[in-house]
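Please open the structure in your viewer and keep the sequence panel beside it, since this tour moves from one selection to the next.

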Amino acid sequence: MFLRRILTGGGGLAALRAARAVKDTTGIVGLDVVPNAREVLIGLYTRTLKEIESVPKDEGYRKAVESFTNHRLQICQEEDDWKRIEDRIGCGQVEELIEEAEDELKLIAKMIEWDPWGVPDDYECEVIEDDTPIPKHVPQHRPVALPEEFFKTLDAVKSDPAVQSGDAPPQVKA
């Protein structure tokens with residue numbers, strides 16, 4: 001009786017399709033399937049756009065958040081299928097997108113609290129120079145010395161009259 005009613009119409013076929021469209025699992029431990037992910041994402045993205053308005057308009061953070069949130073919101077409004085949303089956004093499963101949107105809302109609140117854009121233009125940061133030796137396991141990111149052969153080649157190229165006059169391009173050995 002139930003199956004006949006679904007297959008013969010009356011909106012039942014749409015319900016069957018919708019039930020079939022829900023994932024069984026995300027495949028990620030601890031990340032549960034959200035059956036109404038599209039609606040949740042639309043709500044989170046709308047809330048994000050409202051909360052980011054507290055950040056000054058000319059700040060890069062606000063511009064970036066508004067840009068990608070508007071893009072994702074538009075996709076969620078255009079698509080009904082969670083799979084199409086995932087494919088078009090290209091940043092993981094809808095459940096992961098929900099977690100990202102929730103994290104962004106938390107970050108917006110923290111950014112408003114920290115007020116990093118409230119630094120006065122005339123603020124001078126104190127630079128502390130310390131001669132304490134750097135431990136060996138910490139990378140120092142200093143450029144390595146160029147080999148002596150490089151400097152000999154450079155001097156030879158600089159002293160070549162053909163190169164200086166622009167008549168012949170320098171020859172490079174393969």
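The stops below go from the whole chain to a loop and then to the surface. What you see is a predicted model, in which local features need pLDDT of at least 70 and side-chain atom pairs count only at pLDDT 80 or more, while totals for chains, interfaces and linings use all residues. Residues are numbered from 1 along each chain as its sequence is written, and side-chain values use heavy atoms, with hydrogens and water left out.

Begin by selecting the whole protein chain, which has eight helices and zero strands (DSSP runs numbered from the N terminus, helices being H or I with at least four residues and strands E with at least two). Of its 174 residues, 21% count as buried, a word that here means under 20% relative accessible area, with exposed meaning over 50% and partly exposed in between (1.4 Å probe, protein chains only).

Next, select Asp115, which sits in the loop between helix H6 (94-114) and helix H7 (148-159). Its phi is near 50°, a positive value in a residue other than glycine, and Asp115 is partly exposed, with a relative accessible area of 36%.

Now move to helix H7 and select Phe151, a residue that is partly exposed at a relative accessible area of 37%. Which residues make a nonpolar surface patch with Phe151? Add Leu146, Phe150 and Leu154 to the selection, and the patch of about 350 Å² is complete; such patches are made of residues with over 30% relative accessible area and no salt bridge (a side-chain nitrogen of Lys or Arg within 4 Å of a carboxyl oxygen of Asp or Glu), like charges being joined within 9 Å and nonpolar side chains (Val, Leu, Ile, Met, Phe, Trp, Tyr) within 5 Å. Accessible areas come from the Shrake-Rupley method with a 1.4 Å probe, and for residues only the protein chains shown count as cover.
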